[in-house]
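Visitor: I'd like to learn how to read the strands in a model like this one. Could you walk me through it?

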Amino acid sequence: MGTTLHTLRPPKGAKHRRKRVGRGVGSGHGKTSGRGYKGQGSRSGPGIRPGFEGGQMPLVRRMPKRGFHNPFRTVFAVVNVGDLGKMFAAGAKIDPQALRERKLVRLRVAPVKVLANGDLPHALHVAAHRFSKSARAKIEAAGGTVSELKI
């Protein structure tokens, strides 16, 4: 006889009882409640912060710092002209929302930049935040139009 919905059970050993500490010596987790005797780990209150290595110079501070990382940079979600040609029919009007619906652009809030990788077989009307020079040229050469949106 096969398994039915009302007889389904989790496999043996998959479910564990919650560990109740500090409930007497007979529980197996009494007295020190699994914390050992002395030291920082036995005390109440905040423990050690992430990255703390017991007073040794932490890895993040031992690594050399190089270059400059601009915190105000604009991160673009990029899409290629070739992908537009494959995913949209001739004469289609393309905007960032349409690109997100077709999953060509994954980043939800990032501005969209169109790059020139691939070939464009037909005319498209593309609206995006940025275009590379060669992408703009390919779209216009195919008979399409380009409109740049504000970021």
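Guide: Let's go through the strand pairing, one sheet at a time. Keep in mind that this is a predicted model.

Visitor: Where do I start, and in what order do the strands of β1's sheet come?

Guide: Start with who pairs with whom: two strands count as paired if there are at least two bridges between them. Here, three strands make an open sheet in the order β1-β3-β5, with parallel pairing. β1 (77–80) and β5 (130–131) are the edge strands, and each pairs on one side only.

Visitor: How many bridges link β1 and β3?

Guide: Four, between β1 and residues 112–115 of β3, in the parallel sense. You can trace the register yourself: Ala 77 sits opposite Val 112, while Asn 80 has Leu 115 as its bridge partner.

Visitor: And which residues of β1 are on the covered face, and which on the uncovered one?

Guide: Ala 77 and Val 79 make up the covered face, whereas Val 78 and Asn 80 are on the uncovered face.

Visitor: What about the sheet with β4 in it: what is its strand order?

Guide: That open sheet runs β2-β4-β6, again three strands with parallel pairing. β2 (93–94) and β6 (145–148) each have a single partner strand, so one side of each lacks a neighbour in the sheet. Two bridges connect β2 to β4, residues 125–128, and Ile 94 has Val 126 as its bridge partner in β4.

Visitor: Which strands does helix α4 touch?

Guide: Helix α4 (residues 133–141) packs on this sheet, touching β4 and β6. Its direction makes about 140 degrees with that of β6.

Technical notes:
Residues numbered from 1 in each chain as written. Predicted model: local features only at pLDDT ≥ 70, side-chain atom pairs only at ≥ 80, totals over all residues. Heavy atoms only, no water. Contact = heavy atoms within 4.5 Å. Axes fitted to C-alpha atoms, helices over the stretch in contact; angles between N-to-C directions. Buried < 20%, exposed > 50% of the residue type's maximum accessible area, 1.4 Å probe, protein only.
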